Amino acid sequence: MKIYNTMTRKKEEFVPIEENKVGIYVCGPTVYDYIHIGNARPMIVFDTLRRYLLYKGYDVNYVSNFTDVDDKIIRRALEEGVPSSDISERFIREVKKDMQELNVMEATVHPKATEEIPDMIEMIRTLIDKGFAYEVNGTVYFRTRSFPGYGKLSGKNIDDLEAGHRSIQVAGEQEKEDALDFVLWKPKKEGEPCWPSPWGEGRPGWHLECSVMSRKYIGNIIDIHAGGEDLIFPHHENEIAQSEAANGVEFARYWMHNGFLRIDGEKMSKSLGNFFTIREIGEKYPLQVIRFFILSAHYRSPLNFSDQLVESAKSSLERILNAMGRLSDLLAKAEDRELDQKEQELSSRVQEYVNRFEQAMEDDLNTADAISVIFEMVKLANTGLKETSAKAVISEVYEKIGKLCDILGIQTEVKEELLDDKIEALIAERQAARKAKDFARADEIRNQLAAEGILLEDTREGVKWKRK
Ligand code: AMP
Ligand code: ZN
């Protein structure tokens, strides 16, 4: 498989460190709110990479963190008058629900920054011992200029950065040896969560978290490190500096970055009023449509989100699902007999399509081309298969389309709809569970219903439900 490596700016053949094994680290969200549609892009894209590597027979160790200590979390906790762990735990739960609806597999490990503090302290200590970091008044800084490769991922020149930084230096930074130095450990402020350390009570810097968690759960060298393109600088550049300085070996072999998602051609922002959470979008569309929409573009291209484009993704996906529904009906009635010559030809064309799908995926995860191959298969199924077709050929086409969709995380099984009675019984059970303060069971039922496309709304008159 070829992967475009941000580090070398080239498509390169992917060669894992250890045969048949892949360690992938994807920078995860800061959990202070519901995730928005832009955050869903890396989740879906790199989940698809994982599914494709699994299809190829790799053993994939997929690690994605939750940043659960951060200024934004602390600010929200102060606003709501609750401990900051309440905010992070609440939104980790909510992010996991969204991921489930987007059919994003749970990571092999989802480490949380607050649970890895001792290892962070240890890495800082190593960096200080090796002369790459220093402490001033309870803050530990990374000595950026001491790391010779600084700027290699983003292609930035350290002297240009220095000039830019000097002009925007902010108050309190005078204590740094150099304007480019960044924080590894910051001292506590009143009312903030903190942990003891050799440099006083405080909390870790954001960049450090990923260096430490990737080393712990994958190793010194990661096969693929991924995230959105906004993370290239400074986040990933700083991760490289910390990890390579501490471990003395290359940090990641391949760097993959997804392009940004924009709304109606504009940057998404709360102030422009064009900011959508996955939860809000899930009220309007099954989230499978959003997954399909995101994969309809190449992951490195910018992607524009608009109602019109999502509507069109919705009808495209329906074309696939309808064809699968028809095949499933044909299958139930089909005749079990040998393939005739035309059917044999059709069967070999299906295999060619599978090869072409794989070629597209092998070419830097070109899901856009992979999806167009699925459409060709759908067309073939719609025109080439009928009531009198042999069971074996119908079943082959049905299974192959299903398998390829599954690699993209698109579910095509024709599921029986939950009957109204069953839904109402589950809702009643959920109410009882809530009354008994069994929130885990209540959440489980909500998720089960969500997976069936049933949305619940708690109103003053009781729980209302609708199908998406
Ligand atoms: P954050 O919580 O801001 O660190 O973001 C979590 C992930 O979402 C990171 O990989 C970001 O690069 C990615 N991300 C944030 N906004 C967008 C966007 N508009 N389009 C694509 N990816 C994004
Ligand atoms: Zn990171």
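Across the interface of domain 1 and domain 3, the rule picks out 1 salt bridge. This is a predicted model, and in it the bridge pairs the side chains of Lys-97 and Asp-443, with 3.9 Å from N to O. That sits just inside the rule, since a salt bridge asks for a side-chain nitrogen of Lys or Arg within 4 Å of a carboxyl oxygen of Asp or Glu.

As for the domains themselves, the assignment splits the chain into domain 1 (2-258), domain 2 (278-407) and domain 3 (420-467). Taken over C-alpha atoms, the centres of domain 1 and domain 3 lie 37 Å apart. Where these two domains meet, 4 residues of domain 1 touch 4 residues of domain 3. Together they bury about 340 Å² between domain 1 and domain 3, and carbon and sulfur atoms account for 45% of that area. On the domain 1 side, the most area is lost by Lys-97, Gln-100 and Glu-101, which together make up 90% of what that side buries. Lys-97 thus turns up twice: among the residues of domain 1 that lose the most area to domain 3, and as the partner of Asp-443 in the salt bridge.

Then there is the surface. Ile-17, Ile-221 and Val-249 make up a nonpolar patch of about 200 Å². One of these, Ile-221, belongs to the loop that links helix H6 (206-217) to strand S9 (222-228). Ile-221 has a relative accessibility of 30%, so it counts as partly exposed, a class that runs between the under 20% of buried residues and the over 50% of exposed ones.

Notes: Residues are numbered from 1 along each chain as its sequence is written. Chains are lettered from A and ligands numbered from 1 in the order in which they are written. This is a predicted model: local features need pLDDT of at least 70, side-chain atom pairs count only at pLDDT 80 or more; totals for chains, interfaces and linings use all residues. Side-chain values use heavy atoms; hydrogens and water are left out. Patches are made of residues with over 30% relative accessible area and no salt bridge: like charges are joined within 9 Å, nonpolar side chains (Val, Leu, Ile, Met, Phe, Trp, Tyr) within 5 Å. Accessible areas come from the Shrake-Rupley method with a 1.4 Å probe; for residues, only the protein chains shown count as cover. Helices (H or I, at least four residues) and strands (E, at least two) are DSSP runs, numbered from the N terminus. Buried means under 20% relative accessible area, exposed over 50%, partly exposed in between (1.4 Å probe, protein chains only). Domain bounds come from an automatic or database domain assignment. Contact means heavy atoms within 4.5 Å. Buried area is the accessible area (1.4 Å probe) that two parts lose on being put together, summed over both.
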